[in-house]
Every structure is written in C-alpha cells, then in structure tokens.
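Here are a few notes from going through the strands and the charged pairs. Have a look at the model first, then read on.

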Amino acid sequence: MPRLVSHPDEVKIVTRRFGMGASKIDRYLELDGYASARKALAEGSDWIINEMKASGLRGRGGAGFPTGMKWSFVPKQSAKPKYVLVNGDESEPGTCKDHLIFLHDPHAVIEGTIIAGLAIGAKMGFIYLRGEYRYLIENVERAVAEAYERGFLGRNIFGSETEFQVIVQSGAGAYEVGEESALMESLEGKRGVPRIKPPFPAVVGLYGGPTVINNAETIATVPHVLAMGGAAYAAVGSERNGGTRLFGLSGHIARPGVYELPMGYSLRKMIYEVGGGVRGGRKLKAVVPGGSSTPVLLPEEIDIGMDFDQVGKAGSMLGSGGVVVIDDQTCMVEFALRTIKFYQHESCGWCIPCREGTDWLKKSLTRFHAGFGTEKDIDNIQYLAENMMGRTFCPLGDAAAMPTLGFVKKFRKEFEDHLHGKPCPYAHHPEVELV
Amino acid sequence: MSAEAMTLFSPELAARFDALVERYPVRRSALIPMLLYAQDEVGYLSDAVIDEVARRIGITPLDVRNVATYYSMLRFVPAGRYNIQVCTNISCMLRGGYRIFEQFQERLGIGHKGVTADGVFSLEEVECIGACCWAPAIQVNYDFHDELTEEQVDAILDEYRSRSQKAGSR
C-alpha cells in the first residue's frame, strides 16, 4: 500500500477523503459523495459549464487547458453519440497521483465522469487505466458496480429520465496511449498511434463522436468544484490557475510523497519545507518540475509559484505535477540519457522525427556518457532535439526534445567534462549498462 | 468451434469474454483487455490464443498481432510464474533502482527478459510504473512492492519461491 503523507500547508480538497475508506460507497455517501452529481442533474448543462469556467480549473494531465472551456466546445446537437473519456493511463515518469485517487477515492472519478456526461450530453463514459494498475482497475470496477447497484449509473440515474453508463477499460502497457488521440485509438482496439488534429476530439473523437477527454485528477476534482462553487474553488489558487494540485515529490527529497497544495505554491517551499529538503543534507543540483518531459530548473530558478503560467515563464512547464528533485552527486548526462532512453522506448514510430530523433539522441548520449563523445556531439544533440520540435502528430517528440535541450543548455559544462575518453566524472554506479 | 478453442480458456474467462465483446459500441474495443486477460490465464499470447481472440472479435489473426505487438505488457513467449518488473526510470534510478535490478540479476542468474531454468521467475527492466513517490519500486506480476531496500530483495524472492512451492504441490 503506497504511503500517504501530510503537511500543514496542504489544502485538502481532492485528497480530503484519502485514507477514510471512501472507496466503499456507503462511506463515500457519508462524506457527501454523489451530492454534486445530483445537483448537476437538477441544475443542467449550462450551470455546470459556467461553474467549471468560474473555477479556473485547468487540465491536470499537463497541458493546462481550461476544463470548462473544453467542455463548452462540444456541440449541443450531434448525429453521433457523445462520449466522456477519463485518462488514467498515468505514465509520465515522476507522476503517481492518479494511483492514489483510484485507490482511495474511485467514486470521485465516477461522480466526475457523470457530471462531465451531463455537461456535454453524453450517455456513456470510459475510465481508461494503464494495464499495470490492475489492482486499481479492480478497485474502480468494484466501485462502478456499487454505483450501478444504487442506481447512480444506468438507464435512469438517480431516478431521473437520464441515462449514463460507465465502462472501465484496461490498457496493456504504452506511454503513448496517454496522448488523447492515441487513447481513443487504443479504446477502439487498435495500435495507440496518434491522430492528426484538427479535427479535435470535441468534434470528432471516440467512434467518430464528439468526445471530452480529461485527466483522472481533473475529473476527480469536478465534484469538489461543484460542491464548493466555482468561484470559491478559484480563490484557493493563483491568478488564472484555480484550486489545488496534487504534486508528487520524488527523487532525492527527504520526504517524498503526493501533497495537495494550492496552485502557485512556492517551489522553494515545496522542496525545503513540505518535502523536508534534499535527502541526506546534500545540496540541490536541479529540479524537474512537472514530469520527465519538462525542462530542468536550476537551484537559482526555484523562487517561482507552481502554476501553469509562472513555470511557463521560467522556461519550463507545470506538466503533470511530478517534481523530481536531483542532488549534487548526480550525473546530469546520465540523467538526460535515462530520460531519453524512456522516450526512445515509448515512441510509437508513427512520425519519423520522433522515431529517428529519440533513437539518435539515445545513441549519442549513450556514447557520450561512456566517454567517447566529441565536442561536436554536444551541438549535434542540440541540433537533433531542435529539429524534432513541433514536427510530429502528438507531443511525444516535443516531450523528448524539450528536456534534452534543457539539459544541454543548463549543464553544458557537465557534458564537456565527459569529453575525450574520460570516464564519467559524476556517476556513482558506472557499472550499470545503460544501453 | 475447434476442440482446442473450447478448452483454451476456463469457463469463467470464456463467459467473461462473451460479455465483454457485447458491452462496447464496437466489438473490437474489447481486444486489448481480452488479450491481457487471456495472457494472465494462459501465460502468453500463443498462436491458439491469438486465433481464438480474433475469432471472438471477428477480425483476422494478423490484425490481432498487429495490435498486440504495440503493447509492452503483451508477450509472445512464456514468462516465469512470477514476472519481476524493476523500474529504473528517473525517480527510481535516483533512489537505487539500478542496484535493485542488479541484485535481482545476480540472485536469479538471469538478465533483462530472462527466465529461470525452473520457470519460477522472469525478470524485466521496465519503464515508469507510477510509484515514483514510493521509489524504488517493482512489480511482481501485478503486485507492487514500494520503497525497496537491497536487503529486501532476498526476502521477496523467498516469499514468492515458497508461494510457488505451495502452488506446485497442490
């Protein structure tokens, strides 16, 4: 069972039922569960979308798109059925927040899915979890069965004339499927390769019907937004960044864990107060602020508020909220190599700049880390990464290129220290084969 | 239906598949979960499994293979009874994931994607498994083991070895 953590600075909205047995429906109902779905059913679509817009809630998967606006793009009239798709294919390295949501509060995900369905006029929703999360898939399936038994799902939800069905779907191992169009392909029983946009899923999505796709954390937040009221939720966060976020502190941090903090919370405080600083009293070398695809920040760059806009201004991204802390004993070339090794493994191969780019970056970095690099390789790595940017159907190519550019730019000296056949001057376990 | 297809899956799994293909707007939406559940029971995606899944969905075996080869959890050769998956991605790497992986390699005498001679264990280095805040982490089949220390490696192997003996003597 993953360990739960706590800190006085936390504002527990999404996590407020964690550790309270709320995965069982009776307990969830005692803790005000399904009240927001009932209210949404009574108030109707326009009210829901207005509250969501007022909340300032932005997509927790990483892109940070305003949820209310996304829902409002779905056409009211549609010849084809509309769908809600919950993205629980959590796979971005550094990210494990949805893991806890599915474990401790699966009904919040179901309730949020119902509300999204009411907002856009869908009769069916899918909750897609990565296949490795089998015990969580079973937990969500059990919760869905409970909701059906109570009549919260089915032909006449909460005794109304409205129908809403939920299907829990298992993936089978693929980071790329976390990309929204690849997710739809996978759910249609195909290889998870991305679709070209436009058309956007809100117009042509799953089975060709208008589809809203939201991250599991976003969906789990929805019932709380309606319970508090959009404006009250917005007031918790920073400007244009409503509410809280589940930040996952990992790596060389003294107290790793998932903490729910207001949007805009200081990164420095997050590391040194909430997370207890760098493990073993070591010095901070770098921070990856929002999952492995976000460009690295230096110790002098951590006096920023953690919201989409401020992290963007600092030259990185808030991403998935996975904050990876790196101490001064770490080889950044090795870290860059491990990062790119992941993207090379996960590139679906559909777009050539990504397929070839990640492969060449891995080869170059492997050779470089082993001490066989040349000065020109550093520029080549940068050149390769720059030429992947913006040239692919989906953002995986960018996700590989952006952090690589960050590592080369900010740690060029470490790259230079690896030149001319020297063994890695930083690595502490060079016996590890990284190919 | 061939006699082999009748006995390929347990009656429970066959019934589950009957329900699964009917539940979606499109039958082939059942494909990926079916392949995974079939693999859980049979051990891997044998030719017979692929043919039978194709028949149940109503697509060609080649189409099934085309999809199945995309997904990293699906395999076409048997793994050990307990498949040990060690995460070495960034958050786990920073907390000793590679040392854990090396230890499993030493203890089992096999490398990445290897299977022990007795078929009890197989080993894989895997990408992020979503346990970054509880690193280093591994999965044995579907069970997570979080915040591992090097000392725990032997205990984990002993635990599964004794489970395997119990299962074998049944």
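1. Strand β2(A) has two faces: A:Met124, A:Phe126 and A:Tyr128 point one way, while A:Gly125, A:Ile127 and A:Leu129 point the other, and all are buried. That fits the count for the strand, residues 124–129, where 6 of 6 residues are buried. Keep in mind that this is a predicted model.

2. What does β2(A) pair with? On one hand there is β1 of chain A (residues 83–88), parallel, over 6 bridges; here A:Val86 has A:Ile127 as its bridge partner. There is also β3 of chain A (residues 165–170), again parallel and over 6 bridges, with A:Phe126 partnered by A:Ile167. Helix α7 of chain A (residues 134–149) joins β2(A) and β3(A) in a right-handed β-α-β unit.

3. Now the charges. The search gives 46 salt bridges over all chains. One of them pairs A:Asp309 with A:Arg58 at 3.3 Å, N to O. The two sit 251 residues apart, A:Asp309 in helix α12 and A:Arg58 in the loop between α3 and α4 of chain A. A:Arg58 counts as buried because its relative accessibility is 13%, under the 20% cut-off, whereas A:Asp309 is partly exposed at 26%.

4. In chain B, B:Arg99 and B:Glu150 meet at 3.4 Å, N to O, in a salt bridge. B:Arg99 is in helix α7 and B:Glu150 in the loop between β4 and α8, so the pair ties together parts 51 residues apart in sequence.

5. B:Asp154 forms a salt bridge with B:Arg107, with the closest N and O atoms 2.5 Å apart. This pair links helix α8 to helix α7 of chain B, 47 residues apart.

Notes: Residues are numbered from 1 along each chain as its sequence is written. Chains are lettered from A and ligands numbered from 1 in the order in which they are written. This is a predicted model: local features need pLDDT of at least 70, side-chain atom pairs count only at pLDDT 80 or more; totals for chains, interfaces and linings use all residues. Side-chain values use heavy atoms; hydrogens and water are left out. Buried means under 20% relative accessible area, exposed over 50%, partly exposed in between (1.4 Å probe, protein chains only). Helices (H or I, at least four residues) and strands (E, at least two) are DSSP runs, numbered from the N terminus. Two strands pair if DSSP finds at least two bridges between them. A crossover is right-handed if, with the strands pointing away from the viewer, the path from the first strand over the helix to the second runs clockwise. A salt bridge is a side-chain nitrogen of Lys or Arg within 4 Å of a carboxyl oxygen of Asp or Glu.
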